[in-house]
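Biologist: Please pick a single part of this model and take me through it closely, then show me how it sits in the whole.

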Amino acid sequence: MKLGEIKGWRRENGDFGIRNHIVVLSSVACANHAALEIARRTGAIPIIQEEGACGMFGEDRKRFLRCMANVGSHPNVAWTLVVGLGCEGIDAHQLADEISKRGRNAESLLIQELGMDKTVEKGVELVNRAKENLTPRRETAGVEELVIGLKCGASDYTSGLISNPSVGKAVDILIEHGGTAIITERLELVGAEQILARRAKSKEVAEDFLRRIKKAVEDVNKRGVDWIGSQPSMGNIKGGLTTIEEKSLGAVKKAGNAQLEGCLDYGEKPKGRGLYFMDGPGYDVKAVSGLMCAGSHIILFTTGLGTYLGSPVSPVIKITGNPTTARKLRDAIDVDLSVLLEEIISRDASLDEILEIGGRMILEEIVRVANGKLTKAEKSQHIEFSIELTGIIA
């Protein structure tokens, strides 16, 4: 299949972005009000969350700094203003320095240095100045520039039957053309982990992947909790999924048949091209946020029962094979594959031929979105963001 060209912005460090966002990044919840007010007055994108650079220890502190710096230097971001309070563990000045080290211009403001009103006024001035200096020039590139995040949520029987394997077809073609894809959701690969492990490029990658899945299972079991109702969720069960193994065997289809190149920590960017596994949760907002922090230009989100979740920086393409969801949630769904369900039932074509059609429909949407088409989540300005933390908060 021949894929079209994409147009975007080449950054000074070589990154290629499909959006030219200016973002206002709050480093701690105490600065969320200022970040939201600056964004409201300027049209910039606010990135806020409940968690912040306060009270964290060890690995969580490293993870937070990595993720926030990766957001500020994301390929789809042209310029970043970091706003902080001033007494948090990682202040806004430090975070802006980390973003600059990653090849993106960033400024920072501390509320305790200026007061709230002057922080907002100064922030508006800085953002407006950055907007004036934005380059409108776009250049052409191939799809090999793209990093695509893979996520499923509110899954039902159609997810494993149509949406996920169609995404897998699209991923295979994208990787054949030099692109990159990241699958995540560690606990939603339980029971299907050997499928990916057998495709690892080396013994070391396979062992690393299996170790991460095993640790995730052990962490849950140590707490002595019952998986039922969480994996699969009550919504999954309502949608026809009965066990985590059944759910996982559908979820892993998103990864297609490509070789597994390596494993990534949460929010870590791939160091090469091809298929990667990011060690992240299944919880939608934290999984999508991790994929965004890992540099995903676009996130493919398959859903059976439907969801409206978006991302501040990475366009989220919603895909469903459920005809009821496609009809009721048409303001959320970007790619409706439910027509393929009718084809499967009628048996007018082989399953593989039908899924090839689904893969082509998804690839065409990827190219359209990469060339500027807004997803439904972008149109409705969904900007949910939350970093997964694992330890205690002081």
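**A covered helix and its surroundings**

Modeller: Some background first: 59% of the 394 residues of the protein chain count as buried. Bear in mind that this is a predicted model. My pick is helix H11, residues 284-293, where 10 of the 10 residues are buried. The run starts with Asp-284, Val-285, Lys-286, Ala-287 and Val-288, and carries on through Ser-289, Gly-290, Leu-291, Met-292 and Cys-293. So what does the covering? Among the elements over those residues are helix H2 (58-72) and the strands S8 (147-153) and S9 (180-183). Strands S11 (274-278), S12 (298-303) and S13 (316-320) are part of the cover too. After H11 comes Gly-295, with a positive phi near 95 degrees.

Two of those strands lead us to the nonpolar side of things. The largest nonpolar core has 53 residues, and Ile-298 and Leu-300, both within the range of S12, are among those with the most contacts inside it. Phe-209, Ile-362 and Ile-366 are on that list as well. Phe-209 touches Phe-277, which falls within the range of S11. Setting aside neighbours within four places in sequence, the other contacts of Phe-209 are Leu-189, Glu-193, Leu-196, Ala-197, Leu-260 and Cys-263. A second, separate core of 40 residues includes Ile-45, Val-82, Ala-92 and Leu-95.

For contrast, try Asn-371, in the loop between helix H14 (351-370) and helix H15 (376-379). Buried means under 20% relative accessible area and exposed means over 50%, so Asn-371, at 29%, counts as partly exposed. Not counting residues up to four places away in sequence, Asn-371 touches Glu-5, Ile-6, Lys-7 and Arg-138. Its C-alpha atom is also 6.9 Å from that of Ile-18, although the two are 353 residues apart along the chain.

That kind of long-range pairing shows up chain-wide: of the contacts with a separation of 6 or more, 73% are between residues 24 or more positions apart. Zooming out, the chain has 15 helices and 14 strands, and its C-alpha atoms fill a box of roughly 65 × 50 × 45 Å along the principal axes. The radius of gyration is 21 Å, which agrees with the value near 21 Å for a compact globule of 394 residues. The chain exposes about 16500 Å², with carbon and sulfur atoms supplying 50% of it. As for charge, there are 51 positive and 54 negative side chains, and the centres of the two sets lie 1 Å apart.

Methods
Residues are numbered from 1 along each chain as its sequence is written. This is a predicted model: local features need pLDDT of at least 70, side-chain atom pairs count only at pLDDT 80 or more; totals for chains, interfaces and linings use all residues. Side-chain values use heavy atoms; hydrogens and water are left out. Helices (H or I, at least four residues) and strands (E, at least two) are DSSP runs, numbered from the N terminus. The radius of gyration is taken over C-alpha atoms; the globule rule is 2.2 Å times the number of residues to the power 0.38. Buried means under 20% relative accessible area, exposed over 50%, partly exposed in between (1.4 Å probe, protein chains only). Contact means heavy atoms within 4.5 Å. Accessible areas come from the Shrake-Rupley method with a 1.4 Å probe; for residues, only the protein chains shown count as cover. Lys and Arg count as positive and Asp and Glu as negative; His and the chain ends are not counted. The place of a charge is taken as NZ of Lys, CZ of Arg, CG of Asp or CD of Glu. A nonpolar core is a set of buried Ala, Val, Leu, Ile, Met, Phe, Trp, Tyr and Cys residues joined through side-chain atoms within 4.5 Å.
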